[in-house]
Amino acid sequence: MTAILPNTPKKTPQPVIYPAGDGTPVAETYDHLYALFVTLEVLRQYLQGQQATVLGNQFLYYAQGLPNLRIAPDVMVIFDVEPGGRDSYKVWEEGSVPAVVFEMTSQGTRQKDEVSKYELYEAMGVLEYWQFDPKGEWITEQLRGYRLENDSYQPITDSISQVLGLRLIAVGTLIEFYELETGTKLLIPEEQRELADQEAQRADQEAQRADQEAQRADQEAQRADQEAQRADQAEADLRALKAKLKAQGIELDD
């Protein structure tokens with residue numbers, strides 16, 4: 001007798017989920033958070049118009065089908081991709097690995113930043129890896145960079161990001177960026193607001209000066225009109241006087 005087995009439906013493979021977040025804090029302290037935000041915004045504006053994106057604290061997935069293989073760089077700059085934000089970044093979908101990574105480091109994250117992240121970014125082919133210690137907890141000079149040469153990281157000794165074309169300087173709790181060709185500083189949002197306020201004040205002052213000049217011009221025109229009117233009246237009075245005298249038989253020489 002042949003046993004009849006029930007038809008069992010084939011299991012549909014479950015889609016792989018790549019979470020956009022894990023609920024952990026973005027940064028340890030306000031200084032770390034502000035340094036992250038400022039670096040992100042300065043570089044985002046600097047690269048506007050290019051095929052590049054700058055992401056901050058988004059998951060970077062680097063192995064398709066393995067959502068646990070991920071890392072969240074504080075700031076990463078990626079070229080040859082569509083501009084704009086992402087909830088997460090998947091290397092196999094975008095086709096490019098980050099070219100530059102910044103980590104806002106501290107004594108608490110030193111081990112990861114110095115070892116596991118260093119080794120991962122090096123293996124991934126991240127061209128430059130910068131560590132910034134806003135509180136100076138373990139990096140005395142606060143800012144330290146590595147450049148990929150022959151598949152291994154070498155210390156950056158000239159403070160220059162060759163990838164970005166910028167010179168980087170640690171000032172207080174922030175990184176300052178300067179264009180190599182012009183030496184122009186890339187302004188942080190607060191400095192941009194101050195500059196905009198100064199420009200607005202100058203524009204107001206120029207408008208006030210223009211109004212004052214217009215008022216003076218109007219006053220000069222009014223005075224000229226009054227002088228012309230007085231001249232016309234004097235000429236009319238003279239003609240009337242001559243006519244009256246002529247009627248009396250008196251002729252005045254012109």
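Start with the whole chain: of its 254 residues, 32% count as buried. This is a predicted model. The average pLDDT of the protein chain is 88, and 88% of the residues score at least 70. About 16200 Å² of the protein chain is exposed, with carbon and sulfur atoms supplying 49% of that area.

Switch to a cartoon view. The protein chain has four helices and 12 strands. Take the contacts between residues at least 6 apart in sequence: 58% of them join residues at least 24 apart.

**Stop 1: the N terminus**

Select residues 1-5. Here pLDDT stays under 50, and the model has zero contacts for these residues beyond four places in sequence. Where pLDDT is low, the predicted coordinates should not be read in detail. Move on.

**Stop 2: a three-stranded sheet**

Select residues 59-61, which make up strand E2. Add strand E3 (70-71) and strand E5 (88-90). The three strands form an open sheet in the order E3-E2-E5, with mixed pairing. E3 and E5 stand at the edges with a single partner strand each, so one side of each has no neighbour in the sheet.

Zoom in on E2 and E3. They run antiparallel and are joined by two bridges. Tyr61 is opposite Arg70 of E3. Now show the side chains of Arg70 and Phe59. Where does Arg70 lie relative to the ring of Phe59? Arg70 is over the face of that ring, 4.3 Å from the ring centre.

**Stop 3: aromatic pairs**

The structure holds 13 aromatic pairs. Select Phe102 and Trp130. Their ring centres are 6.5 Å apart and their planes stand at 15°, so the pair is stacked. Phe102 belongs to strand E6 (residues 100-104) and Trp130 to strand E7 (residues 128-132); the pair links distant parts of the chain, 28 residues apart. Phe102 and Trp130 are both buried.

Next, select Tyr129 and Tyr153. Is this pair stacked or tilted? The centres are 6.3 Å apart and the planes are at 35°, so the pair is tilted. Tyr129 sits in E7 and Tyr153 in strand E9 (residues 152-155), 24 residues apart, so this pair too links distant parts of the chain. Tyr129 and Tyr153 are both buried.

Keep those two on screen. Add Tyr118, Tyr121 and Tyr146: with Tyr129 and Tyr153 they form one aromatic cluster.

**Stop 4: strands E7, E8 and E9**

Select strand E8 (143-149). Is E8 mostly covered, and how many of its residues are buried? Five of its seven residues are buried, and E8 is mostly covered.

Look to E7. Five bridges join E7 to E8, and the two run antiparallel. Gln131 stands opposite Arg144 in E8.

Now look to E9. E8 and E9 also run antiparallel, joined by four bridges. Tyr146 faces Pro155 of E9 across the pairing. Two residues separate E8 from E9 in a hairpin. Asn150, in the turn, has a positive phi of about 55°.

**Stop 5: Lys135**

Finish in the loop between E7 and E8, where Lys135 lies. Lys135 is partly exposed, at a relative accessible area of 42%. Which residues does Lys135 touch, leaving out those up to four places away in sequence? They are Thr29, Asp31 and His32. Then pick the C-alpha atoms of Lys135 and Gln107. They are separated by 9.4 Å, with their positions 28 residues apart along the chain.

Terms used. Residues numbered from 1 in each chain as written. Predicted model: local features only at pLDDT ≥ 70, side-chain atom pairs only at ≥ 80, totals over all residues. Heavy atoms only, no water. Phe/Tyr/Trp six-rings, centres within 6.5 Å; stacked < 30°, edge-to-face > 60°. Buried < 20%, exposed > 50% of the residue type's maximum accessible area, 1.4 Å probe, protein only. Lys NZ or Arg CZ within 6 Å of the ring centre and 35° of its normal. pLDDT = per-residue confidence, 0-100. Contact = heavy atoms within 4.5 Å. Areas by Shrake-Rupley, 256 points an atom, 1.4 Å probe, with all protein chains shown as cover. Pairing = 2+ DSSP bridges.
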